[in-house]
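Work through the following exercises with the model open beside you, trying each task before you read its solution.

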Amino acid sequence: MKLLMTTAVSALVVLGTTAAMADIKLGASLSASGPAAFLGDPEAKTIEMMVEQINEAGGINGEKIDLVLYDDGGDPNKARTFATRLVEDDEVVAIIGGSTTGTTMSILSVAEDAEVPFISLAGAIQIIDPVHKWVFKTPHTDRMACEKIFSDMQQKGITKIGMISGTDGFGASMQAQCKDVAPKYAIEILSDETYGPQDADMTPQLTKIRNTDGVQAILNPGFGQGPAIVTRNKAQLGIDLPLYESHGVASDGFIELAGAAAAEGVRLPGTALLVAAILPDSDPQKPVVTAYKTAYEAKYGETVSTFGGYAHDAVDLMTNAMKTGGSDPAAIRDALEATQGYVGTTGIYSFSPEDHLGLDLSAFKMLEIRDGGWTLID
Amino acid sequence: MDALLQFLLSGVTVGAVYALVALGFTIIYNASDVVNFAQGEFVMLGGMITVFTYQAGLPLPLAAVLAIAITSLVGVALNKLALEPARGAPVVSLIIITIGASIFIRGAAQLIFDKQLHRFPSFSGDQPIHIFGATIVPQSLWVIGGAVLVFIGLWLFFTKTLTGKAVLATANNRLAAQLVGINTGWVMTLSFALSAAIGALAGVLVTPITLVGYDVGVGLALKGFAAAMLGGMGNPKGALVGGISLGLLEALTAGYLSSQYKDAVAFIVILAVLFVMPQGLFGKSTTERV
């Protein structure tokens, strides 16, 4: 009965906000369905939840947010149509969205032309390099994941590595970025192997890496089942080299799939959100990630993901900018660019005219798997 | 030397996975000339149903048997609901129906189960077996053993049993088969049930190695189909040899040439073989009567 009451009340609240013709219009185009749904679905849920929270708390400077959310299904053409509709028909003052790099690039040109601030939730470095005046993004780049891994290798005195990468979009992109940034950390890639995203066995590639003279560690950029199989195969072959995985598999599911014994000692860069429970109380991100994790899991009954975290930070950054900038797109953009030291789930953001990502390497925590659980290294 | 042995063991492991999927294509093809592109989905269902019933508390063997039984029913339903109403349609239309069915099953699995990857424990532990410096996991032996057993079973079925010959007769000429008293409708139902069961068995055996998710069927079906084409569609021996050859080709290319080219080399060899022997290695050459 109580549950029913709460549902009824919250339904009324939602209805009330739309009926009141809210004053600040926020647009979003996300890939809530289709092949990129694992990104867009938690993002859409997060944005809906947060807008609801903000409006329940009285809105921004007394004005409610009216969220206009479209599902582009991961299709860049649809994303462009929806972005145009958002600026022309819905007349939004800001846009969040672009779950994938493809959809982001479509929205990007529309937002630039219409001079509407836009926060992207996609990974590629091209979104903010070169800097576009109206475009910002919250997820860290593949390049930063590579740099975090390489700096950890440097501390351990590792200079020669073997790489085994997935040939899917994620793996291929990170493989290229890692190869590009490796010289900066004096890392030499002696062996560069790949595997298909659906492959069942990677022992030939790992045998080649093992038989390459001088390899001190193995790096596996990949997503999905590949990294779990690589980890199992490495244990099967008894290869006694440190194994580094990417941020793409930073979840409890990975330990389960790879098996706790095989995954023992694997290191990877992850965000604070995934290790909320083991963060020290002194960590500035602890309250933010704990609050978001608790609220999301209570509302939707599923575990939070890094991707939902990107959306969380985007909504927070945008609404904070609205608090100072009001409902004028140019003022919101200026306030956004002036953001300093905002603590989000992904990291601590400080934007500048030259940097529209605003994160540094501290956004990643180096994690190690021990006894089937996560341990913070730094 | 131990590197070569490792490549061979890896090739046989992967090859046995392909062979098991390829064997599943055989029965339906033999009964109706239809290449069932939903075969990969049967493999996925075998794995997924086992995962979820095992998580629900059933012992693993029971979960596996249940998964195989349920998948057979799905196979029968596919025949009754999608293919039988289209009886008389050209084979190409029926093949397209199976593609549609595979998309439908994938979508349903995404809703009924979830979008995550899953795994259940290996049957005989994860302790690798060492052979002259190379290693193989016990589960690979299960997969290889399973592929060989299914092959022997199918070979006996098609050559020694009346039912198996009835299946072949139905494919050869449905009307003539009916005239000699074969219940062709029942043969089709049986062949879908058996194919689905073999697919599900493959799913149960390979999941501890390959992991399972709602969308693994497409990749498996593609490789299994390539293996079946290489060996000769419809011939159990061809499916076994084709699967193992494909696995060995991939592993040796990855080991000695470059892992970037392993799929390309495998497909080039398949094309070359089909160019010289259009029926595959063991396929019967048939003459079309006009």
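**Exercise 1. State which domains chain A is assigned, and describe how they meet.**

The domain assignment, whose bounds come from an automatic or database source, divides chain A into domain 1 (2-141 + 286-360) and domain 2 (143-276 + 364-376). This is a predicted model, in which local features need pLDDT of at least 70 and side-chain atom pairs count only at pLDDT 80 or more, while totals for chains, interfaces and linings use all residues. Residues are numbered from 1 along each chain as its sequence is written, and chains are lettered from A and ligands numbered from 1 in the order in which they are written.

Begin with the centres of the two domains of chain A, which, taken over C-alpha atoms, are separated by 31 Å. Next take the contacts, where two residues count as touching if their C-beta atoms, placed from the backbone, lie within 7 Å: eleven residues of domain 1 of chain A are in contact with ten residues of domain 2 of chain A. On the domain 1 side, helix 11 (286-300) and helix 12 of chain A each supply at least two residues, and helix 11 of chain A gives the most, with three. Helices here are DSSP runs of H or I with at least four residues, strands are runs of E with at least two, and both are numbered from the N terminus. Finally, sort that side of domain 1 by class: it holds three nonpolar, seven polar and one charged residue. In this sorting Ala, Val, Leu, Ile, Met, Phe, Trp, Tyr, Cys and Pro are nonpolar, Asp, Glu, Lys and Arg are charged, and the others, Gly among them, are polar.

**Exercise 2. Compare the computed length of helix 12 of chain A with its expected span, and decide how enclosed the helix is.**

The expected span is 1.5 Å times one less than the number of residues. For the 20 residues of helix 12 (residues 306-325) of chain A this gives 28 Å, and the end C-alpha atoms are 28 Å apart, which agrees. For enclosure, a residue is buried if 20 or more other C-beta atoms lie within 10 Å of its own, exposed if 12 or fewer, and partly exposed in between, with C-beta atoms placed from the backbone. Since 16 of the 20 residues of helix 12 of chain A are buried, this helix is largely enclosed by the rest of the structure. After helix 12 of chain A comes Gly326(A), whose phi is positive, near 70°.

**Exercise 3. Find where Ala186(A) lies, and decide whether this residue is buried or exposed.**

Ala186(A) sits in the loop between helix 6 and strand 7 (188-195) of chain A. Its phi is near 55°, a positive value in a residue other than glycine. Because Ala186(A) has 12 C-beta neighbours inside 10 Å, it counts as exposed.

**Exercise 4. Judge how compact chain B is for its length.**

First list the elements: chain B has eleven helices and two strands, running α-α-α-α-β-β-α-α-α-α-α-α-α from the N terminus on. Its radius of gyration is 19 Å, close to the 19 Å that the globule rule gives for 290 residues, so chain B is as compact as a globular protein of that length. The radius is taken over C-alpha atoms, and the rule is 2.2 Å times the number of residues to the power 0.38. Along the principal axes, the C-alpha trace of chain B spans about 60 × 50 × 35 Å, and 52% of its 290 residues count as buried.

**Exercise 5. Describe the contact between the chains and the largest nonpolar core.**

Chain B brings 26 residues to the contact and chain A brings 22 residues. Helix 1 of chain B gives the most to the side of chain B, with seven residues, and by class that side has twelve nonpolar, ten polar and four charged residues.

Turn then to the core, meaning a set of buried Ala, Val, Leu, Ile, Met, Phe, Trp, Tyr and Cys residues joined through C-beta atoms within 7 Å. The largest one has 204 residues, and those with the most contacts inside it include Ile95(A), Met318(A) and Leu23(B). Its largest share, 18 residues, comes from helix 1 of chain B. Leaving aside neighbours within four places in sequence, Leu23(B) is in contact with several residues, among them Ala147(B), Phe151(B), Ile198(B) and Leu240(B).
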